Amino acid sequence: MKMTQLLSTLLCLALLGGCGSSPRSDYYMLTADARGTPQDSGPSLGVGPVSIPEYLATRQIVMNRNAHKLELAEFDRWAEPLDAGVSRVVAVNLAALMETTRVQTFPWRRDAIPEYGVRITVIQFAAQGTEALLVAEWTITLPGEGESGGHGISQLTTTLKGGEPEHVASAYSELLLQLSEIIAESLRQELDTRADAGD
């Protein structure tokens, strides 16, 4: 085979390979939106462990088509595992809401056990139609004392501004801000109770 024919064949194969390549994936992340100024004097907090339903334990963004049908966005993915994103965003939100720089995520070091821990179980994350939903169970713990404090199950909703993955990420971020505000209020009550008791 002549050199020109060989080069032409290789070029055609390269073009065919390019045509058969998969579309690129887009990556999305949850964001922390709480406002506040963290201070060194605030309480030390730990967020985690955070657990999520098995059907959400995938990098692909899960879309709700109806009450019983889910669809995985083939090329739209979370930039991090969803449970890690929830933990990160709640931690940053609480740092602002509780005005503390002393916030860490689970697992924490044995020589840096926080005064208060926040354990979260996501029961449901859903985005369908014009509404996004978060149902989460949360518990405030005292890791150093092996005790538990405030506890609740929160069902929260917000407007879903569109059916694209970016709208899902934005709505879920808003729901986590609402959840963080509820947890922060419970933490303040814990702090006040312990202050009144002289702890």
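Select Val 62 first, then Leu 72: in strand E4 (70-78), Leu 72 is the bridge partner of Val 62. This is a predicted model, and the stops below follow its computed features.

**Stop 1: the hairpin**

Extend the selection to strand E3 (60-64) and strand E4 (70-78). The two strands run antiparallel and are joined by 4 bridges. Together they form a hairpin, with 5 residues between them. Now colour E3 by burial. Because 5 of its 5 residues are buried, E3 is largely enclosed by the rest of the structure.

**Stop 2: the whole chain**

Zoom out and show the protein chain as a cartoon. There are 3 helices and 8 strands to find. Starting at the N terminus, their order is α-β-β-β-β-α-β-β-β-β-α. The chain has 199 residues, of which 40% count as buried. If you display the surface, about 11300 Å² is exposed, and carbon and sulfur atoms supply 51% of that area. Turn to contacts between residues at least 6 apart in sequence: 67% of them join residues at least 24 apart.

**Stop 3: helix H2**

Select helix H2 (82-97). H2 has 16 residues and reaches 22 Å from its first C-alpha to its last, close to the 22 Å expected at 1.5 Å a residue. How many of its 16 residues are buried? The count is 12, which leaves H2 mostly covered. Among the buried residues are Leu 82, Val 86, Val 90, Asn 93, Leu 94 and Leu 97. To see what the buried residues of H2 pack against, show E2, E4, strand E5 (103-105), E6 and H3. Just past the helix, pick Glu 99, which follows H2 and has a positive phi, near 50°.

**Stop 4: helix H3 and Ser 180**

Next select helix H3 (165-196). Its 32 residues reach 47 Å from the first C-alpha to the last, close to the expected 46 Å at 1.5 Å a residue. Gly 198 follows H3, and its phi is positive, near 85°.

Within H3, pick Ser 180. Is Ser 180 buried or exposed? Ser 180 is buried, because its relative accessible area is 0%, and the cut-off for buried is under 20%. Show side chains here and look for Asn 93: a polar contact of 3.2 Å joins the side chains of Ser 180 and Asn 93. Asn 93 is itself one of the buried residues of H2. Leaving aside neighbours within four places in sequence, Ser 180 is in contact with Val 90, Asn 93, Leu 94 and Leu 97.

**Stop 5: the nonpolar core**

In soluble globular proteins, nonpolar side chains tend to be buried together. For this model, select Ile 120 and Phe 125, which touch the most other members of the largest nonpolar core, a set of 47 residues. The elements that give two or more residues to this core are strand E2 (45-51), E3, E4, H2, strand E6 (116-128), strand E7 (131-142) and H3. Which of them gives the largest share? H3 does, with 11 residues.

End on Phe 125 and show what surrounds it. With neighbours within four places in sequence left aside, Phe 125 is in contact with Tyr 55, Leu 56, Asn 64, Leu 82, Val 86, Leu 133, Leu 134, Tyr 172, Leu 175 and Leu 176. Of these, Leu 82 and Val 86 are among the buried residues of H2 from Stop 3.

Definitions and conventions: Residues numbered from 1 in each chain as written. Predicted model: local features only at pLDDT ≥ 70, side-chain atom pairs only at ≥ 80, totals over all residues. Heavy atoms only, no water. Core = buried A, V, L, I, M, F, W, Y, C linked by side-chain atoms within 4.5 Å. Buried < 20%, exposed > 50% of the residue type's maximum accessible area, 1.4 Å probe, protein only. Contact = heavy atoms within 4.5 Å. Expected span 1.5 Å × (residues − 1). Polar contact = N/O pair within 3.5 Å; in protein donor to acceptor, adjacent residues only side chain to side chain. Areas by Shrake-Rupley, 256 points an atom, 1.4 Å probe, with all protein chains shown as cover. Pairing = 2+ DSSP bridges.
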